[in-house]
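Here are my notes on the model you sent over. I've kept them as numbered points so you can go through them with the structure open.

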Amino acid sequence: MERWDGGRIRERAGELAELLADTVAGGASVGFPGPLGHAEAVAWWRERAAATAEGRLAVWAALDGTGRVAGTVSLAHPDKPNSRHRAELVKLMVHRSARGRGLGRRLLTTAEEAAAAAGITLLHLDTETDSPAERLYRSAGWTRAGVIPDYALSPAGELRPTTLYFKRLDVRRPGG
Ligand SMILES: CC(C)(COP(=O)(O)OP(=O)(O)OC[C@H]1O[C@@H](n2cnc3c(N)ncnc32)[C@H](O)[C@@H]1OP(=O)(O)O)[C@@H](O)C(=O)NCCC(=O)NCCS
(Lines give C-alpha, C1' and ligand atoms only; values in the text may rest on other atoms or scores of the structure.)
Protein backbone atom coordinates (compact mmCIF):
# COMPACT_ATOMS: atom_id res chain seq x y z
CA MET A 1 0.00 0.00 0.00
CA GLU A 2 1.53 3.30 -1.05
CA ARG A 3 0.39 6.86 -0.49
CA TRP A 4 0.89 8.77 -3.73
CA ASP A 5 1.59 12.47 -4.11
CA GLY A 6 0.30 14.56 -7.02
CA GLY A 7 3.38 13.86 -9.16
CA ARG A 8 3.08 10.09 -8.80
CA ILE A 9 -0.66 10.16 -9.56
CA ARG A 10 0.06 12.15 -12.72
CA GLU A 11 2.82 9.68 -13.75
CA ARG A 12 0.61 6.64 -13.16
CA ALA A 13 -2.64 8.24 -14.40
CA GLY A 14 -2.86 5.70 -17.23
CA GLU A 15 -2.95 2.71 -14.85
CA LEU A 16 -5.29 4.47 -12.45
CA ALA A 17 -7.55 5.29 -15.42
CA GLU A 18 -7.61 1.60 -16.37
CA LEU A 19 -8.73 0.71 -12.84
CA LEU A 20 -11.46 3.38 -12.89
CA ALA A 21 -12.70 2.25 -16.33
CA ASP A 22 -12.71 -1.40 -15.17
CA THR A 23 -14.74 -0.45 -12.08
CA VAL A 24 -17.28 1.44 -14.20
CA ALA A 25 -17.42 -1.42 -16.72
CA GLY A 26 -18.20 -3.75 -13.80
CA GLY A 27 -21.36 -1.74 -13.08
CA ALA A 28 -20.27 0.06 -9.90
CA SER A 29 -21.62 3.52 -9.18
CA VAL A 30 -18.44 5.60 -8.87
CA GLY A 31 -19.57 8.77 -10.60
CA PHE A 32 -19.82 7.73 -14.25
CA PRO A 33 -23.08 6.38 -15.69
CA GLY A 34 -21.76 4.82 -18.87
CA PRO A 35 -18.66 3.28 -20.42
CA LEU A 36 -15.68 5.45 -19.56
CA GLY A 37 -13.10 6.18 -22.25
CA HIS A 38 -9.38 6.08 -21.42
CA ALA A 39 -8.78 9.77 -22.20
CA GLU A 40 -11.68 10.87 -19.99
CA ALA A 41 -10.46 8.64 -17.15
CA VAL A 42 -6.89 9.96 -17.44
CA ALA A 43 -8.19 13.55 -17.39
CA TRP A 44 -10.20 12.74 -14.28
CA TRP A 45 -7.09 11.38 -12.48
CA ARG A 46 -5.06 14.44 -13.51
CA GLU A 47 -7.64 16.57 -11.70
CA ARG A 48 -7.16 14.30 -8.65
CA ALA A 49 -3.38 14.85 -8.95
CA ALA A 50 -3.94 18.61 -8.76
CA ALA A 51 -6.27 18.25 -5.76
CA THR A 52 -3.68 16.03 -4.04
CA ALA A 53 -0.89 18.53 -4.69
CA GLU A 54 -3.08 21.20 -3.08
CA GLY A 55 -3.68 19.03 0.01
CA ARG A 56 -7.40 18.59 -0.64
CA LEU A 57 -7.11 14.87 -1.30
CA ALA A 58 -5.01 11.92 -0.07
CA VAL A 59 -4.68 8.95 -2.43
CA TRP A 60 -3.40 5.40 -1.77
CA ALA A 61 -2.62 2.76 -4.37
CA ALA A 62 -2.32 -1.00 -3.89
CA LEU A 63 -0.01 -2.75 -6.33
CA ASP A 64 -0.21 -6.34 -7.56
CA GLY A 65 2.71 -8.79 -7.74
CA THR A 66 3.91 -7.20 -10.99
CA GLY A 67 3.83 -3.66 -9.59
CA ARG A 68 0.66 -2.61 -11.40
CA VAL A 69 -2.18 -0.74 -9.74
CA ALA A 70 -4.79 -3.20 -8.42
CA GLY A 71 -6.74 -0.92 -6.09
CA THR A 72 -7.06 2.56 -4.69
CA VAL A 73 -8.80 4.63 -2.04
CA SER A 74 -8.87 8.38 -1.31
CA LEU A 75 -9.74 10.72 1.51
CA ALA A 76 -11.21 14.12 0.56
CA HIS A 77 -10.56 16.91 3.05
CA PRO A 78 -13.21 19.63 3.32
CA ASP A 79 -11.93 23.18 2.92
CA LYS A 80 -14.30 24.58 5.57
CA PRO A 81 -12.36 25.83 8.61
CA ASN A 82 -14.96 24.30 10.96
CA SER A 83 -14.59 20.82 9.48
CA ARG A 84 -10.89 19.97 9.71
CA HIS A 85 -11.71 17.06 12.04
CA ARG A 86 -13.53 15.09 9.33
CA ALA A 87 -12.86 13.63 5.89
CA GLU A 88 -14.88 11.83 3.22
CA LEU A 89 -13.77 8.39 2.11
CA VAL A 90 -14.09 8.25 -1.68
CA LYS A 91 -13.26 6.05 -4.65
CA LEU A 92 -12.49 2.77 -2.94
CA MET A 93 -11.93 0.53 -5.97
CA VAL A 94 -10.35 -2.86 -6.54
CA HIS A 95 -9.77 -4.17 -10.06
CA ARG A 96 -12.22 -6.96 -10.89
CA SER A 97 -9.32 -9.37 -11.36
CA ALA A 98 -8.13 -8.75 -7.77
CA ARG A 99 -11.41 -8.77 -5.85
CA GLY A 100 -12.42 -11.12 -3.04
CA ARG A 101 -8.91 -11.48 -1.60
CA GLY A 102 -9.01 -8.86 1.13
CA LEU A 103 -7.53 -5.94 -0.81
CA GLY A 104 -10.61 -3.72 -0.41
CA ARG A 105 -10.57 -4.24 3.35
CA ARG A 106 -6.82 -3.49 3.52
CA LEU A 107 -7.28 -0.26 1.55
CA LEU A 108 -10.11 0.78 3.85
CA THR A 109 -8.02 0.04 6.97
CA THR A 110 -5.06 1.98 5.53
CA ALA A 111 -7.19 5.09 4.94
CA GLU A 112 -8.82 4.83 8.38
CA GLU A 113 -5.48 4.44 10.17
CA ALA A 114 -3.90 7.33 8.25
CA ALA A 115 -6.90 9.54 9.05
CA ALA A 116 -6.67 8.71 12.77
CA ALA A 117 -2.92 9.36 12.74
CA ALA A 118 -3.62 12.78 11.18
CA GLY A 119 -6.02 13.63 14.03
CA ILE A 120 -9.22 13.13 12.02
CA THR A 121 -12.00 11.94 14.32
CA LEU A 122 -14.87 11.45 11.88
CA LEU A 123 -15.10 9.78 8.46
CA HIS A 124 -18.15 9.65 6.22
CA LEU A 125 -19.06 8.25 2.82
CA ASP A 126 -21.92 7.37 0.52
CA THR A 127 -22.21 4.16 -1.43
CA GLU A 128 -24.79 2.56 -3.69
CA THR A 129 -27.45 0.89 -1.58
CA ASP A 130 -27.12 -2.93 -1.40
CA SER A 131 -23.72 -2.97 -3.13
CA PRO A 132 -20.91 -5.33 -1.98
CA ALA A 133 -19.14 -2.19 -0.72
CA GLU A 134 -21.98 -1.61 1.73
CA ARG A 135 -21.35 -5.00 3.33
CA LEU A 136 -17.65 -4.19 3.61
CA TYR A 137 -18.30 -0.88 5.42
CA ARG A 138 -20.81 -2.45 7.80
CA SER A 139 -18.43 -5.25 8.70
CA ALA A 140 -15.65 -2.69 9.26
CA GLY A 141 -17.67 -0.93 11.94
CA TRP A 142 -19.22 1.92 9.95
CA THR A 143 -22.67 3.18 11.06
CA ARG A 144 -25.50 3.53 8.55
CA ALA A 145 -26.92 7.07 8.76
CA GLY A 146 -29.68 6.77 6.16
CA VAL A 147 -30.70 6.34 2.55
CA ILE A 148 -31.21 9.01 -0.13
CA PRO A 149 -33.45 7.80 -2.98
CA ASP A 150 -32.77 8.50 -6.66
CA TYR A 151 -29.26 9.68 -5.88
CA ALA A 152 -27.25 8.73 -8.98
CA LEU A 153 -27.71 7.27 -12.42
CA SER A 154 -26.57 3.64 -12.68
CA PRO A 155 -24.73 2.27 -15.72
CA ALA A 156 -28.09 0.66 -16.60
CA GLY A 157 -29.60 4.16 -16.83
CA GLU A 158 -31.75 3.98 -13.67
CA LEU A 159 -31.69 6.35 -10.71
CA ARG A 160 -30.39 4.36 -7.73
CA PRO A 161 -30.43 5.15 -3.99
CA THR A 162 -27.29 5.79 -1.96
CA THR A 163 -26.63 4.89 1.67
CA LEU A 164 -24.73 7.30 3.92
CA TYR A 165 -22.28 5.93 6.48
CA PHE A 166 -20.03 7.41 9.15
CA LYS A 167 -17.33 6.13 11.47
CA ARG A 168 -15.87 7.80 14.53
CA LEU A 169 -12.15 7.23 14.81
CA ASP A 170 -10.26 6.45 17.95
CA VAL A 171 -7.54 9.09 18.04
CA ARG A 172 -4.83 8.11 20.47
CA ARG A 173 -3.38 11.17 22.09
CA PRO A 174 0.20 11.19 23.38
CA GLY A 175 0.26 9.54 26.79
CA GLY A 176 -3.30 8.26 26.27
C1 LIG B 1 -16.12 -2.91 -2.74
C2 LIG B 1 -14.77 -3.44 -3.21
C3 LIG B 1 -13.74 -2.32 -3.07
C4 LIG B 1 -14.36 -4.61 -2.33
O5 LIG B 1 -13.04 -5.01 -2.72
P6 LIG B 1 -12.51 -6.51 -2.46
O7 LIG B 1 -11.03 -6.48 -2.57
O8 LIG B 1 -13.23 -7.46 -3.31
O9 LIG B 1 -12.96 -6.68 -0.94
P10 LIG B 1 -12.42 -7.72 0.12
O11 LIG B 1 -11.92 -8.96 -0.56
O12 LIG B 1 -11.48 -7.02 1.04
O13 LIG B 1 -13.76 -8.08 0.91
C14 LIG B 1 -14.15 -7.30 2.01
C15 LIG B 1 -15.61 -7.53 2.35
O16 LIG B 1 -16.44 -6.95 1.36
C17 LIG B 1 -17.64 -7.72 1.24
N18 LIG B 1 -17.69 -8.18 -0.14
C19 LIG B 1 -16.71 -8.05 -1.07
N20 LIG B 1 -17.14 -8.55 -2.25
C21 LIG B 1 -18.39 -8.97 -2.06
C22 LIG B 1 -19.38 -9.55 -2.90
N23 LIG B 1 -19.16 -9.80 -4.19
N24 LIG B 1 -20.57 -9.85 -2.36
C25 LIG B 1 -20.81 -9.61 -1.05
N26 LIG B 1 -19.92 -9.05 -0.22
C27 LIG B 1 -18.74 -8.74 -0.71
C28 LIG B 1 -17.54 -8.82 2.25
O29 LIG B 1 -18.14 -8.35 3.44
C30 LIG B 1 -16.05 -8.95 2.44
O31 LIG B 1 -15.71 -9.42 3.68
P32 LIG B 1 -15.36 -10.98 3.91
O33 LIG B 1 -14.35 -11.34 2.90
O34 LIG B 1 -14.85 -11.00 5.31
O35 LIG B 1 -16.67 -11.66 3.71
C36 LIG B 1 -14.84 -3.94 -4.69
O37 LIG B 1 -15.91 -4.83 -4.81
C38 LIG B 1 -15.02 -2.83 -5.70
O39 LIG B 1 -14.05 -2.23 -6.16
N40 LIG B 1 -16.29 -2.55 -6.07
C41 LIG B 1 -16.59 -1.54 -7.07
C42 LIG B 1 -16.33 -0.15 -6.58
C43 LIG B 1 -17.20 0.26 -5.43
O44 LIG B 1 -18.38 -0.01 -5.36
N45 LIG B 1 -16.55 0.98 -4.50
C46 LIG B 1 -17.20 1.59 -3.38
C47 LIG B 1 -17.55 2.97 -3.76
S48 LIG B 1 -18.03 3.87 -2.31
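1. Overall dimensions first. The protein has 176 residues, and a compact globule of that length would have a radius of gyration near 16 Å; the value here is 16 Å, so the two agree. Keep in mind throughout that this is a predicted model. Along the principal axes, the C-alpha atoms take up a box of roughly 50 × 40 × 35 Å.

2. On burial and contacts: 30% of the 176 residues count as buried. If you take the contacts with a separation of 6 or more, 61% of them are between residues 24 or more positions apart.

3. The element list is 5 helices and 7 strands. Reading from the N terminus, the order is β-α-α-α-β-β-β-α-β-α-β-β. Helices H1 (residues 6–11), H2 (13–25) and H3 (residues 38–53) are the ones I'd locate before moving on to the strands.

4. Now to E4, which pairs with two other strands. With strand E3 (residues 69–76) it runs antiparallel, through 5 bridges; Ser74 has Val90 of E4 as its bridge partner. With E5 it runs parallel, and here there are 3 bridges. To find that register on screen, look for Ala87, which stands opposite Leu123 in E5.

5. What handedness does the β-α-β unit made by E4, H4 and E5 have? It is right-handed. These elements come up again at the ligand, in the next point.

6. The ligand has 21 residues around it, and Ala28, Arg99, Gly104, Pro132 and Leu136 are the closest. Strand E4 (86–94), helix H4 (103–117), strand E5 (122–128) and helix H5 (132–139) are the elements that each give two or more residues to this shell. Which of them gives the most? That is H5, with 5 residues. By class, the shell splits into 10 nonpolar, 7 polar and 4 charged residues.

7. A backbone point to check: Lys91. Most residues other than glycine have a negative phi. Lys91 is not a glycine, yet its phi is positive, at about 55 degrees. This lysine lies in strand E4, and it counts as buried because it has 20 C-beta neighbours inside 10 Å, where 20 or more is the cut-off. I'd have a look at its surroundings, starting with Gly31, in the loop between H2 and H3. The C-alpha atoms of Gly31 and Lys91 are 9.1 Å apart, although 60 residues separate them along the chain. Gly31 itself has 13 C-beta neighbours inside 10 Å and so is partly exposed.

8. Asp150 is another residue other than glycine with a positive phi, near 50 degrees. It is found in strand E6 (residues 143–153). Is Asp150 buried or exposed? Exposed, because just 10 other C-beta atoms lie within 10 Å, and the exposed class takes 12 or fewer. So Lys91 is a buried case, while Asp150 is an exposed one.

9. Staying with E6: this strand pairs antiparallel with strand E7 (residues 159–168) through 7 bridges. One register marker is Ala152, whose bridge partner in E7 is Arg160. The hairpin of E6 and E7 has 5 residues between the strands, and in it Gly157 takes a positive phi near 85 degrees.

10. Finally, two distances that may help you get your bearings. Ala53, in helix H3, and Ile148 are 95 residues apart along the chain, with their C-alpha atoms separated by 32 Å. Ala53 has 14 other C-beta atoms within 10 Å, so it is partly exposed. Arg8, in helix H1, and Val42 are 34 residues apart in sequence, and from C-alpha to C-alpha the distance is 13 Å. Arg8 also counts as partly exposed, because it has 16 C-beta neighbours inside 10 Å.

Terms used
Residues numbered from 1 in each chain as written. Predicted model: local features only at pLDDT ≥ 70, side-chain atom pairs only at ≥ 80, totals over all residues. Near = placed C-beta within 6 Å. Helix = DSSP H or I, 4+ residues; strand = E, 2+ residues; numbered from the N terminus. Nonpolar A, V, L, I, M, F, W, Y, C, P; charged D, E, K, R; others polar. Rg over C-alpha atoms; globule rule 2.2 N^0.38 Å. Contact = placed C-beta atoms within 7 Å. Pairing = 2+ DSSP bridges. Right-handed = clockwise from strand over helix to strand, strands pointing away.
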